Amino acid sequence: MADNKKKQNTLNKANIFGIIIFVVIVVGISSFGSLISFVSDYKWFSEVGYTGTFLTKLRTQFIIGVPLFIVLSVVFNYYLTYLKKKYFKEMNLTIDKGDMKKIGLGIRLGSVILAFFFSISVVSSMWFEILEFINGQLFNVVDPIFSQDIGFYVFKLPFINGILNFLMAMLFIFIVITVAFNMIIFTAKTTTRMRSGEKVIDFEELSQKRKSLNDTIDKKTITNIINQVAFFGAAFLLILGIRSWLRSYDLLYSTRGKVYGASYTDIAVSLKLYRVIAVAAIAGAVTFFMGAKKKNLVLALAMPAVLIVITIAGGIVGGAVEQFIVEPDQISKEMKYIEYNIAYTQKAYGLEEVKEVEYPVKYDLTKKDINFNRDIINNIRINDYRPIKQVYNQIQGIRPYYVYNDVDIDRYTIDGEYKQVFLSARELDQTKLDSQAQTWINQVLKYTHGYGFSLSPVNDVTTEGQPILLVKDIPPTTTTDLKITQPEIYFGEMTNNYVIVNSGEEEFDYPSGSDNVMTYYEGNAGIELSGMNKLLFTIRQGSLKILISNNVNSDSRIILNRNIIERVNKIAPFLEFGTDPYLVINQDDGKLYWIIEAFSTSNKYPYSQPIDDFSFNYIRNPIKVVIDAYNGDTDFYITDETDALALTYREIFPDLFKTLDEMPKGIRDHIRYGQEYFNVQAEIYRTYHMENPTVFFGREDLWEISQEKYMDAVQKVESNYVMFKLPGEDEVEFLLSVPYSPVGKNNMTALFAARNDGENYGELVLYRYSKNENIPGTNMIESRIDQDSEISPQLTLWSQEGSNVLRGNILVIPIEESLLYIEPIYLQADNENSLPEMKKVIAAYGDIIIMEDTLEIALNKLFGVDYNTGEDGVGIQDKTTKDLIIEANSLYEKADEALKNGEWTDYGRHIDQLKKVLTQLEIIEGIEVEPEVIEEIDENTVEENTVEENSTNE
């Protein structure tokens with residue numbers, strides 16, 4: 001008997017050992033991929049210099065997870081052991097030592113599994129919140145209701161709520177286990193057969209044991225359950241009370257009232273309701289515990305029942321207050337809260353310091369003004385980046401696999417002149433290689449990088465309507481003083497695959513006639529494929545060729561994450577990144593760099609209106625990421641030292657961020673105000689420029705972003721980088737601007753602009769136009785173009801002759817105290833390989849619209865100046881009153897003659913020109929020419945012509 005028992009124990013131990021070995025093997029296989037990823041990621045972060053950033057997450061999870069796991073294991077093991085002992089006592093069971101060990105092992109294993117599950121859940125979801133809680137910086141702005149710094153809501157409160165949610169989940173698990181345990185005791189009937197030493201628990205149908213549910217769950221059983229969960233229930237109610245108190249802060253994000261944030265009803269009713277519930281829940285925790293211990297069911301459940309009643313009553317009262325007190329007098333009741341919403345929305349989107357400038361538009365530009373502002377004129381963009389991209393790809397692609405992915409706009413000092421330019425990187429797209437050439441050697445070892453870029457001024461084209469290339473060809477050539485020393489592009493927007501450099505295979509550098517120039521990489525990017533690294537990355541990349549290729553040696557290096565967007569997201573996934581990186585040529589060293597905008601966002605800013613289609617109500621653009629196109633060096637520069645989120649991230653990841661002063665000057669000269677950030681601000685500001693709560697309540701001065709006719713469709717005007725002078729400034733600036741119109745109207749009410757240059761970077765300026773004047777908006781100019789008797793027929797004629805007429809962005813250029821509107825016109829033949837050609841420039845000034853071959857001719861005709869030669873001419877603006885009267889008489893006679901001859905097209909054209917001349921007389925001399933004058937001219941002319949025709953017929 002003893003021998004059999006010993007053999008049975010030995011067999012049990014062997015089975016347990018086998019199970020452990022099996023579990024270890026399963027866990028090892030399942031975690032092998034994660035281990036490979038971890039080791040390879042560690043090596044990559046070491047290569048890019050951010051090992052500390054990589055280990056921050058792991059270190060935090062380890063420091064928090066291990067102690068939490070140990071504590072939870074002990075707690076679960078203690079409680080489950082307690083329940084086991086209670087079960088044996090209640091059921092009067094006798095268990096031998098062998099079975100007891102098995103049960104103990106099962107309890108310990110279950111405790112470990114539960115502890116592991118909860119620990120992993122906490123550290124994987126809350127590690128970053130924990131670091132933000134510890135390192136969170138102040139916003140130095142307090143909310144208007146509770147007077148807490150905004151940092152409390154962004155960094156502290158989410159962590160506190162996370163901890164409370166975790167504790168609630170833990171208590172729920174303990175309560176479920178306790179209730180289940182008591183139900184098992186109640187329903188189980190146990191008999192012990194002493195002959196075999198085997199315990200048997202027989203479960204019988206509940207219907208056979210009791211006649212009804214009331215008989216089954218008797219008062220004694222419920223009392224026993226409540227007594228055992230006394231502590232857990234009291235703790236649950238206590239946490240519920242704390243959460244109810246904290247819910248008061250959620251009112252700052254309420255959507256009940258007229259605006260986002262706590263409203264009159266929220267403060268008058270909901271705030272008090274949450275606090276009453278909090279106090280009642282804490283009191284309920286005490287009464288529940290006392291009632292459970294005294295086995296008094298009524299005392300234990302009284303306060304939980306009261307909580308339900310209070311919650312229902314509070315909801316009814318809140319609805320009644322909103323309907324019968326607030327809505328009949330909404331303006332006065334919500335006035336204070338609307339003011340909060342306006343102020344805090346402006347702060348959250350960086351709009352509280354917009355400099356508003358009254359801009360009284362005058363139409364008094366002269367040739368002297370044009371000459372004086374030649375630096376503005378010389379940077380008026382008559383090209384558009386989208387047609388330019390197509391042109392670059394056609395005439396500068398050189399080979400099928402070279403691609404211009406995007407055209408960027410920037411400014412450079414070229415030959416001593418500050419110029420706005422287009423530029424684009426010539427990247428190598430491996431998918432464009434011939435299908436027969438898409439081998440592993442070509443894609444990984446040979447075709448590794450793009451080469452060079454193209455650059456052209458925004459304001460000039462060739463006689464064929466194509467951009468004038470200041471930098472072109474391979475290798476890059478230029479007739480300017482631009483410095484280019486390292487044109488190879490190993491990191492870019494199209495570099496989506498890994499490559500291996502310094503292999504036994506020469507890399508393709510660039511084409512030269514019918515031959516190719518080859519090279520070897522001389523930079524410092526990449527991880528050496530020596531020792532175990534070769535096997536590691538063979539597994540990671542899933543390519544056996546890395547391991548067996550004779551071309552891959554110990555000097556070879558594998559370059560990973562070459563796509564610059566993927567690269568920065570890999571390093572700093574907690575940031576939001578812009579989708580439009582732009583290329584920079586550092587004139588100090590002649591090397592190519594990429595700049596990517598990085599944004600910090602939050603949805604926890606009190607009273608701030610969330611923007612449509614986005615999940616945040618706070619945004620800044622505090623970080624510029626600079627990436628070396630050759631070496632892949634990636635640097636994060638903080639450009640806004642006032643952003644609490646960026647400063648918090650710097651505390652968490654001290655090795656990641658640099659100050660703006662550390663940025664090389666050759667790159668710093670080219671930082672731009674983020675266009676995506678500006679677009680968000682512009683969208684918000686069209687509503688939140690209204691600071692009077694009464695006006696805001698009625699949306700009386702609501703704006704919209706103006707519209708334009710771009711190519712062949714009507715769209716919102718894109719924000720554009722332009723160059724002009726701000727009022728009171730002597731130098732031309734690189735600015736980002738967008739026009740506003742009143743909702744549903746075509747006139748322009750304001751121009752919103754962001755400054756980019758030097759110490760003024762980041763300043764926002766709003767040009768406000770007089771509401772008493774009808775300042776033409778972009779869509780109004782577009783309509784006038786479509787109605788112009790000279791321009792519209794010409795555009796229609798081109799369309800009928802087999803060409804596509806493409807209309808570029810319309811630009812609004814402030815000059816002195818006037819506005820000049822410029823729109824380029826492209827023609828593109830209706831065939832697959834044709835290029836868009838910039839053929840005409842439309843210029844609008846005041847009520848005059850003209851279309852000419854070049855901007856120079858258009859300005860000469862408008863203002864009488866050829867700014868290329870500096871010679872004076874006679875433009876529309878420079879004609880005397882006598883000249884205009886003579887011209888008006890001449891046009892009237894021509895119109896009359898055309899009418900007599902039945903030449904209706906010429907008649908309409910002459911009448912339209914006559915209207916413009918009469919309008920110009922009004923501008924120059926103040927002679928008011930009413931529209932009825934023109935109508936009378938038309939009617940009299942037609943009447944005279946009709947009489948003459950009748951006489952002839954008689």
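## Surface and overall make-up

The chain exposes about 45100 Å², and carbon and sulfur atoms supply 54% of that area. Please keep in mind that this is a predicted model. Of the 954 residues in the chain, 50% count as buried.

If you trace the chain, you will pass through 28 helices and 36 strands. Among contacts with a separation of 6 or more, 66% are between residues 24 or more positions apart.

## A three-stranded open sheet

Let's turn to a small piece of the fold. Three strands, in the order β12-β16-β15, make up an open sheet with antiparallel pairing. The edges are taken by β12 (499–501) and β15 (527–528); each has a single partner strand, so one side of each is left without a neighbour in the sheet.

Strand β16 covers residues 557–559 and is joined to β15 by two bridges, the two strands running antiparallel. To find this pairing on screen, look for E528, which stands opposite R557 in β16.

## A nonpolar patch on the surface

Seven residues are worth highlighting here: F32, M532, L535, I539, L544, L547 and I548 form a nonpolar patch on the surface, and together they have about 660 Å² of accessible area. Two elements, α16 (532–541) and α17 (545–548), give two or more residues each to the patch. The largest share comes from α16, with three residues.

L544 is a handy member to click on, as it sits in the loop between α16 and α17. Its relative accessibility is 53%, and the cut-off for exposed is over 50%, so L544 counts as exposed.

## A mostly covered helix

Helix α19 (residues 644–652) is mostly covered, with seven of its nine residues buried. Those buried residues are A644, L645, A646, L647, T648, Y649 and I652.

## Salt bridges

The model has 33 salt bridges in total. One of them is local: the side chains of E683 and R686 meet with an N to O distance of 2.9 Å. Both residues lie in helix α21 (residues 675–688), three residues apart, which is about one turn of the helix. E683 counts as partly exposed, at 23% relative accessibility.

Another bridge brings together the side chains of R807 and E782, at 2.6 Å from N to O. R807 belongs to strand β30 (residues 803–807) and E782 to helix α23 (residues 778–787), so this pair ties together parts that are 25 residues apart in sequence. Both R807 and E782 are buried.

## A loop-to-strand link and a network

D853 and K840 also form a salt bridge, their closest N and O atoms being 2.4 Å apart. This pair links distant parts of the chain, 13 residues apart: D853 is in the loop between β34 (848–852) and α25 (855–863), while K840 is in strand β33 (residues 837–845). The two partners fall into separate classes of burial: D853 is partly exposed, with a relative accessible area of 40%, whereas K840, at 17% relative accessibility, counts as buried.

Finally, salt bridges that share partners join K709, E782, D786, R807 and E823 into one network. You have already met two of its members, as R807 and E782 are the buried pair whose side chains meet at 2.6 Å.

Methods. Residues numbered from 1 in each chain as written. Predicted model: local features only at pLDDT ≥ 70, side-chain atom pairs only at ≥ 80, totals over all residues. Heavy atoms only, no water. Pairing = 2+ DSSP bridges. Helix = DSSP H or I, 4+ residues; strand = E, 2+ residues; numbered from the N terminus. Buried < 20%, exposed > 50% of the residue type's maximum accessible area, 1.4 Å probe, protein only. Patch = residues over 30% accessible without salt bridge, like charges linked within 9 Å, V, L, I, M, F, W, Y side chains within 5 Å. Areas by Shrake-Rupley, 256 points an atom, 1.4 Å probe, with all protein chains shown as cover. Salt bridge = Lys/Arg side-chain N within 4 Å of Asp/Glu carboxyl O. Contact = heavy atoms within 4.5 Å.
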